[in-house]
Each structure stands twice: as structure tokens, then as C-alpha cells.
2 protein chains.
Amino acid sequence: MSLDFSTKIFKTEKIFLANTEEYIVRGGRHLFPLLSKAFEGVRQIGVIGWSSQGRAQAQNLRDSLAGTGIQVKVGLRENSASISSAENFGFTRDNGTLGEMYEVISESDISILLISDAAQAENKERIFEAMRPGSTLGLSHGFLLGHLKNLGECFPNNINAIAVCPKGMGPSVRRLYEQGKEINGAGINSSFAIYQDITGKATDYALGWAIAIGSPAIFHTTLESEYKSDIFGERGILLGAIHGIVESLYRWFMSHGSSREEAYIYSVESITGPITKMISQQGILAVYESFDKTDKETFKKAYLAAYDPALEILQEIYDEVASGNEIRSAIAASHRHKSYPLGKIDGTPMWQTGIHVRANRKSDNIPIHPVTAGIYIATMMAQINLLKEKGHSYSEIANESIIEAVDSLNPYMHHRGIAFMVDNCSITARLGARKWAPRFDYILSQQTFNALDSHFIYDEPLFQQFLTNEIHQVLAICSQLRPPIDISLHQIDIG
Amino acid sequence: MSLDFSTKIFKTEKIFLANTEEYIVRGGRHLFPLLSKAFEGVRQIGVIGWSSQGRAQAQNLRDSLAGTGIQVKVGLRENSASISSAENFGFTRDNGTLGEMYEVISESDISILLISDAAQAENKERIFEAMRPGSTLGLSHGFLLGHLKNLGECFPNNINAIAVCPKGMGPSVRRLYEQGKEINGAGINSSFAIYQDITGKATDYALGWAIAIGSPAIFHTTLESEYKSDIFGERGILLGAIHGIVESLYRWFMSHGSSREEAYIYSVESITGPITKMISQQGILAVYESFDKTDKETFKKAYLAAYDPALEILQEIYDEVASGNEIRSAIAASHRHKSYPLGKIDGTPMWQTGIHVRANRKSDNIPIHPVTAGIYIATMMAQINLLKEKGHSYSEIANESIIEAVDSLNPYMHHRGIAFMVDNCSITARLGARKWAPRFDYILSQQTFNALDSHFIYDEPLFQQFLTNEIHQVLAICSQLRPPIDISLHQIDIG
């Protein structure tokens, strides 16, 4: 995969991530005057759907394009329950910035599709039919490409197909953009991909879009690499793995004499609080280095006992995503859920305990338990190494395995609990977490805790590989590209 | 699906299972004289592979066909580790009944393929090439058809493709056949399917094969229906569901004050011992009716709290099997396992507890816990109702959901524990159990136990539907078709 690209309007910058080079574009409000040129020929951008990404991106685009003459119009289903919400945010039928989705698609030069994965799959024929030849389809996620591949189908060959994928939740995309009015460069980073460029303008459209929604750094990827790493990542460390890890750890601590509250603090609180904060601010190795000699040894044992089992499940997930199975499953689930809606997962005693623990939390007193840290970081490292082996770029690996966890999802989980967070993600993500969390839980119980509690064999080279992994350098460089404010503070009003 | 078929050699019999009619053939040693005619034109039957089914079927076929002039020859890979075992059982190169697998296939008129699913998938081109035009491919499982469908491929159009699928483990197929020398009719029932019949002889070959391996009753199905119900069933109540149910029950009993030993007895022992025996001998309703008034109420609550969550996972499994996802997953796993072999799952404290419990077992003293019975039977009923909705025949439903559990797998689990049994199944079954057990565990913990421990809503019609379900009549009739000896006694020397 070549990570080079060319733009006549924005400045590209070469960065070195470990021994590989990538090209990025830096965003910022000082570039807004270039947006008219980037969007040359575009009179209207349609934002289809009022999902959390939809409402964030529509507002950011409208604000950034004010005065350019380019209209941002929201498209919703006839009788959509979101119409009144969109009107409250100033997208109204009266002022011509709200319309029926297929009409908006047919009027727009760029149609940004932010409806759910299942809705994209179900309505793709009508969407493609509505698009004018030469217009541009914008995605924030490659699911639809995966679905088309499963069916042996393609995007229409007379349109551009591009993606801009913010590496954070919709509400963060809006809040940091607003913050960016005072601190230039605050915003959520994005990756972008050009799948089909029939007009020669696709790259500038994508970069313009990413800059207009406020991304301070914009990485290049392919649409296929994006959807694989994205669907994989949420099944892995971002949602599925972290959930399974803490469920199994909670039981393990209790079986070793902890109370419910202690077990919750040693597992969930330890990860979503101090471990997350330390990785975000100082990198992964800092967690290990923060321990004394005894705890370093405990961390090492936990790391070595967890790495291979976690990798086994991660390999299976990657294969399931790459083969199209996970996408087929999500589509099948969307049909079942018409008659049987998904149940909640945060009603168990563990998550009820979490409510009490959070209510009595003293943030400075949450310990980092070395077993918890060892297992969590081993799983994160297994994901990083697997994505590298599968050919993903380091910017993508760092975002999908570390940055999105410690700067976006984990801080939110710290606020409301992991199970609640899972229940409030996209359906594709919820399904994935439900499917894979129990697998991580079982394999850790069957292999990792079993090894910790009895026979244990040191694999020194595996631990050396952790200490000297290139990802530590990569993360240090990527950290410099992150927005200059603490994202996590901006999560706590969501949900 | 029409369940009628025609044979000029054996007698068909119409049976009524609830309101549907099916045609079966009854086997028995008195029919062995008809085998020459059934296998008219066949000089050699090749049995490919020395799996547990391979070794059982090769021996039974050889014994049943003695004196007919039809040779049974075992085919193994060059340098196969099973060669010496086959030779110990009298299949030797010297006497011409053991050879290299592709040579045996090319010599044989019927080649019965009893190598692993992954090996069938990997070697299908060479196998198909080796088969002579007009010869017959025999399967004991439809996995290969599912794999071909995923690839958009077919069986060669110049061969017959048939299946005979014994409804029990290989060792039972052999042991009951031997028992049948004294008690005519002892043996493992089979289903059979004719997928491709180019010579007009396929049905008689299949019936002859089923009779020769000792099946007392032979049901008709399609190869597609067989592999769907088989792969589904082992992920459901036969392996995956029972494993997940007892893991979650074990923890639930402990969280309600039971010791480890008590929790094990109330969960695993209760199901694999008395519940299994009672269903086998008296049917499903007998379990409910054995309770006093209080326990009947507890059973009912557990049943109602478990039915919908279990059905949710079963529906997902069925969709995953029908879409080909489970088969694709198994193939992908077989590639990964070349470098990372599957770990064992029975090392956790729960299964270690099982060793002590079994050592001190007093079989007559194992209680039937009503919560355990309610959850187990709710899952079994959900599976039955789902298979019916998907169009499977009642004979197939009863076999894949009840009879194979209570007469074959559960008694063996009673002997060695459920996790050990899972670890000793076919790879496809092991993978399925690993994937789905944790899902049953989590959904029961998140929904069923939560409902039992707090808010609970009675769904009276759902319980009435259990009490009046047609399956109770079906099972009573199918029970009459089972062999007249206690199969479970013949499981205990395996593994």
C-alpha cells in the first residue's frame, strides 16, 4: 500500500513512524480560506443522517463553510424522528437546509452518508440511483465497501467514492471543533481514503472535508484497510477485549479474596482511570516503569500469560473481519433485531457494583494493579503486532489500538462503566463487543489465570519484544500530532 | 422438502411424527443377506481415514459384508500415524485391505470419506480427480457441501454423492454393532441423504451402507438440512449451550452460597446425570412433573427467564451456519492452527472440582435442581422450536436436539466432564463450542439470572407452549425406534 498522495491545495508533510514513512496533512482554522478552492465546483454538501457523527459533522461543515456559498443540507427519511432535533440545530425545511434524504442526495455534489451500517446496506440501491453522475459519495467508515465485496458488487462507476474517518465519537468531533475557535488545532484527527476518483478532485474534497470538520492531523489510508482495522479494533482492545478482560479479572480478584468493590477497582477502575491516563500522557512503557521491582515481576508474568491467548482470539477476529464474516453477521443481526431488539448488558452485579464505586471514587487513589496492567497491555500489544503483520500503517495502528482507547473510549467508560459504553455504541460495534468479549473472558480464564495460579513458563524474548517494540517511538510521534487539549474532559456530558 | 424416497430392495415404513409423515427404513441383521443386491456392481468400498467414525464404519462394513465378495479397504495418507492402528485391526497392506488414500479412492466403487472437515476441504480437488466416473462419494456429514457452496463450486457431475450420518460417536457405532450380534437391532440410528444420483443406485447404496454399519432405524434428510442441523446442533444444546449453561450456573450457585462441590453438583452433575437419564427414559415433561409444587414454580421461572435469551443466541448460530460463516470460520481456523494449536479448556477450577465430585459420586443421590432443569430444558426447547421453524423434519430435530444429547454425549460428559468432552470432539465441533459457550454464559448472566434475582415477568403462553409442544409426542415415537439397550453404558471406555 502506497501512503503517498498528491494535493495541489494543501501542504503534505512527510513523517517517520519507526522505520516507515507516511504523508500527512495538518489541519487548522488558518486553512479555512482554502476550502472554497478545495471544494471547487461544489455547491451543496448533503449530510445524510442525524447520527452522532451526522449532527457533529453537519454543524462543523456549516460553520467552516460559512461565507463560501457552499450549502450544507441535512437529509433525513420522510417522518424521521430526528427531524425536530435537526431543526433545533438550525437545519430547517424553511431555510432550505433540511430535506428528504434521496432528494438531498440527488441535489448534492457531495453526499456524506452517516446513517447506520445496516441502513446503508439496506438502502444502497436507492442511494446509488439517487446520486448524479460525477458527484461524490462520502463515508466515515468502510463498512459499505465490505458489504459490497461480500455481494460481489461495486460502487457505481460514475461517481467518486471517498472517506474521512474521525478517530473519535461524534460528540467529541463537535466539542473539540468548538474548542478550536480558541485553540487553533483542537479537534479530532481523521484518516482519509480515496477509493474511486473519476473527476480527479477526490483527494482535495476529502482533505477539505477533514479540515472543515476540524481535524488537526489527517492520515492517509485505504478504504479496505480502514474498515478492517476499524471493525477489528472495536472487537479487540477498544470494546470487546477490554470488556472481556475486566469481566474475567473481576471474578479472578474475587476468587482471590477481594470484595466486589475491590475487585471492581482493581479491574475496571484501574484500566479506565490511571492506566489510561498514563498511556495517554507518557506512553505504554511508562506503566511498566511506574512499578517497583515486585510489581514489575507480577506485571511481566501477567503479560506473558496473557499475550498468546489474547493473540489467538485477535487472530480469529481479524480473519472473521477480513473474510467478510463479521459484516455478514452484522447484516443478519439487523434482520433479527427487527423482531428481537438487543438486550442491555450492564445489569449484572458487577456493573451495579460499578455505580457504587464511581459514586465514592477518589480519583487520585485508584491503584494500578500489575496483573490488570499486564493483561490489558499484553492484549493491546498483541493487537498492535497483529495489525503490523497484516500490513496496516503505523498511524492507523496507533489510532485503532491506543489513541482511540486512551483518549476517547476509556475516559468515557471511566465515567459510566464499560458495559454501558458498549450499549451506547453503533450496532456493528455493540454486536462485535457482545460476540468477542466472552471469548476473551473464557480464554483468559482457561489459560492465563490458570497459568498465573499454577504452572508458569517465562518467555523472555516475548517480554524483550515488548520492551523494545517500535510502537513506543511511533506513539511518541503520534502524540505530538494530537490536539493540544485533554480530550477526555470533553466526554463526560455524553449519553 | 419431500421426505419420501424409493427403494426396490428394502421396505419403507411410514411413521407419523406429530402431524407430519416421514418414511423410514428399519435395519437389522436379518437384512444382511440383501446387502449384495443393494450394492450390486460394487466390488470395493473404500473407507478413507481412521477417525473414530472411520475405524468403526470400516470394521462394521467388513463384518457385515463378509462372504459377499465386496472388499472393504481402508485408505490412509502415505506415512499416516494411523497405519499401525489400522493394521492392528486387520486392515493390512499384506492382505490388500489397506492402501494409500488416493489409490484406494481410484480403485473403489464407493469411497466413504471420513477424514476431518478441514482435510476434506483442503484435499477436495485431488479426491475428486481420483474418483472414477460413475463411482460414489459417501459422506457422514455435509460439511464439504457447505464449503463447496461458499466457493460457488459443485461435486463433479459424473459421480454419485450420498451421505449416511450415524447419530452417535464412532465408538458407539462399533460397540452397539457388536452388541447387535446378540440383540438384533442394537446399533446407532442414522440419517441418509442423496445429493446426486447419476446411476439410479444411490438410494440403495446409502440404505445398504446404513444397514451394514448396524443402524436399527434410518431416516431420510437432505445433505443441506443435515449439515445445517448438525453444525447448528453441536454449537447449540449438544456442546456449546450445555457448556455455557453449566459455567454460568456454577458461578450463580456459588454467588448464592453454594460451595464449589455443591455448585458443580447442582449444575453439571444434575444435567449429565438424572436430567439426562429421565429425558432419555421418560421424555422431557417427566422432568417437570417429577417436581413438587414449589420446585415446579422455580422450574417455570427459570424456564421463562432463559427461553428468549437462549433463543436469541440460537437464532444467531443458525444464521451463521446457514450463511456459510461457521464453515468459513472453521476453514480459517484450520490454517491458524498449523502454527498455533488449540489449547485445552478443562483446566479451570470448576473442572478440577469436577474430578473430586466424580470421585465421590453416589449416582442415586444427585439432585435435579429446578433452576438448572428450567434453563437446560428452555434452551433445548428453543432449539427444537427454531429447527421446526426453519423447516427441519421432526426426526432430525429429535435426534439433533434431544436423542444425541441424552443417549450419546451427556452420558459421556457425566463420565469425564463437559470441558473434557468438548476437547475430544472433532475440530469443527470444538471450535463451535469454544465460540458459542461463552455467548450462552454471558446472555444468561446478563438477562436470565438478572431476571431471576430481581424483576421477573411471567409469560404464561410461553410456558403453555412448552407443556403442549408436539415434540413430546414426537420423542415418544422416536424412542420406540431407538435401540433396545442402554447406549450410555457403552460410552465409558472412550477417551
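How many residues of chain A are in contact with how many residues of chain B? In this predicted model, 33 residues of chain A are in contact with 33 residues of chain B. The two chains bury about 3000 Å² between them, and 49% of this area lies on carbon and sulfur atoms. Within chain A, the residues that lose the most area to chain B are Arg336(A), Tyr442(A) and Gln446(A), which together account for 21% of what that side buries.

Polar and charged interactions were then examined across the interface of chain A and chain B, where six salt bridges are found. In a salt bridge between Glu316(A) and Arg336(B), the side chains meet with an N to O distance of 3.9 Å. Between chain A and chain B, 15 residue pairs are counted in polar contact, with both residues at pLDDT 80 or more. On the side of chain A that touches chain B, at least two residues each are supplied by α10 (240-255), α13, α14 (325-336) and α19, and the largest share, 11 residues, comes from α19(A). Sorted by class, this side of chain A has 13 charged, 12 polar and eight nonpolar residues.

A search of the whole structure for enclosed space returns nine cavities of 30 Å³ or more, of which the largest has a volume of about 240 Å³. The lining of this largest cavity comprises 21 residues, and those closest to its centre are Glu316(A) and Arg439(A) from chain A, with Leu342(B), Leu431(B) and Arg434(B) from chain B. At least two lining residues each come from α13 (293-322) and α19 (427-453) of chain A and from α14 (325-336) and α19 (427-453) of chain B. The lining of the largest cavity has eight nonpolar and eight charged residues, together with five polar ones. Glu316(A), one of the residues closest to the centre of the largest cavity, is also the partner of Arg336(B) in the salt bridge described above.

The second largest cavity has a volume of about 160 Å³ and is lined by 17 residues, with Arg434(A), Glu312(B), Ile313(B), Arg439(B) and Ile443(B) lying nearest its centre. Two or more residues of this lining are given by each of α19 of chain A, α13 (293-322) of chain B and α19 of chain B, and the largest share, five residues, comes from α19(A). By class, the lining of the second largest cavity has nine nonpolar, three polar and five charged residues. The helix α19(A) thus recurs in this description, supplying the largest share both of the second largest cavity's lining and of the side of chain A that touches chain B.

Note on methods: Residues are numbered from 1 along each chain as its sequence is written. Chains are lettered from A and ligands numbered from 1 in the order in which they are written. This is a predicted model: local features need pLDDT of at least 70, side-chain atom pairs count only at pLDDT 80 or more; totals for chains, interfaces and linings use all residues. Side-chain values use heavy atoms; hydrogens and water are left out. On a 1 Å grid over the protein atoms alone, a cavity is a set of points where a 1.4 Å probe fits but cannot get out, and a pocket is an open set with protein on both sides within 12 Å along at least five of seven lines; lining residues have an atom within 4 Å of a point. Grid points are joined across faces, edges and corners, and a volume is the space filled by probe spheres set on the points. Helices (H or I, at least four residues) and strands (E, at least two) are DSSP runs, numbered from the N terminus. Ala, Val, Leu, Ile, Met, Phe, Trp, Tyr, Cys and Pro count as nonpolar, Asp, Glu, Lys and Arg as charged, and the others, Gly among them, as polar. Contact means heavy atoms within 4.5 Å. Buried area is the accessible area (1.4 Å probe) that two parts lose on being put together, summed over both. A salt bridge is a side-chain nitrogen of Lys or Arg within 4 Å of a carboxyl oxygen of Asp or Glu. A polar contact is a pair of N or O atoms within 3.5 Å; within protein, one must be able to donate a hydrogen and the other to accept it, and residues adjacent in sequence count only if both atoms are side-chain atoms.
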